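Dear colleague,

I am handing over a structure that you have not yet worked with. Please look through the sequence and the coordinates before reading the notes beneath them.

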Amino acid sequence: MAKIKGAVVVNTERCKGCNLCVVACPSDVLEGYHYVYMKNPDACIGCASCGLVCPDGCLTIYKVKI
């Protein structure tokens, strides 16, 4: 099975820091207060759980097979 590497790009202009995505992340990748950022980018599996719960659509998730 191929290993998956993910990345989350945050639209900092729109992110209000509600932290719903931080709670939804199973890999403990995201953190933030005024806006979210990837505190642990190597742990991202690209599952897109964070993007699904974002009420403002601020997150873009990329997934790459390595």
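The notes below cover the interior, one strand residue and a surface patch. Please bear in mind that this is a predicted model.

To begin with the interior, the largest nonpolar core comprises 13 residues. Those with the most contacts inside this core are Val8, Cys21, Leu30, Cys50 and Leu59. Leu59 may serve as a point of entry when you inspect the region: leaving aside neighbours within four places in sequence, Leu59 is in contact with Val8, Val9 and Val10, with Cys21, and with Cys50, Gly51 and Cys54.

The second item is Glu31, which belongs to strand E2, spanning residues 30-32. Its relative accessibility is 35%, and Glu31 therefore counts as partly exposed, a class that lies between the limits of 20% and 50%. When residues up to four places away in sequence are not counted, Glu31 touches Val22, Val36, Tyr37 and Lys39. With one of these, Tyr37, Glu31 forms a side-chain polar contact of 2.7 Å. Glu31 is also ten residues from Cys21 in sequence, and their C-alpha atoms are 8.8 Å apart in space.

Lastly, on the surface, Leu20, Leu52 and Val53 make a nonpolar patch of about 300 Å². Of these, Leu52 lies in helix H2, which covers residues 49-53. Leu52 counts as exposed because its relative accessibility is 73%, and the cut-off for that class is over 50%.

Yours faithfully

Notes. Residues numbered from 1 in each chain as written. Predicted model: local features only at pLDDT ≥ 70, side-chain atom pairs only at ≥ 80, totals over all residues. Heavy atoms only, no water. Core = buried A, V, L, I, M, F, W, Y, C linked by side-chain atoms within 4.5 Å. Buried < 20%, exposed > 50% of the residue type's maximum accessible area, 1.4 Å probe, protein only. Contact = heavy atoms within 4.5 Å. Helix = DSSP H or I, 4+ residues; strand = E, 2+ residues; numbered from the N terminus. Polar contact = N/O pair within 3.5 Å; in protein donor to acceptor, adjacent residues only side chain to side chain. Patch = residues over 30% accessible without salt bridge, like charges linked within 9 Å, V, L, I, M, F, W, Y side chains within 5 Å. Areas by Shrake-Rupley, 256 points an atom, 1.4 Å probe, with all protein chains shown as cover. Salt bridge = Lys/Arg side-chain N within 4 Å of Asp/Glu carboxyl O.
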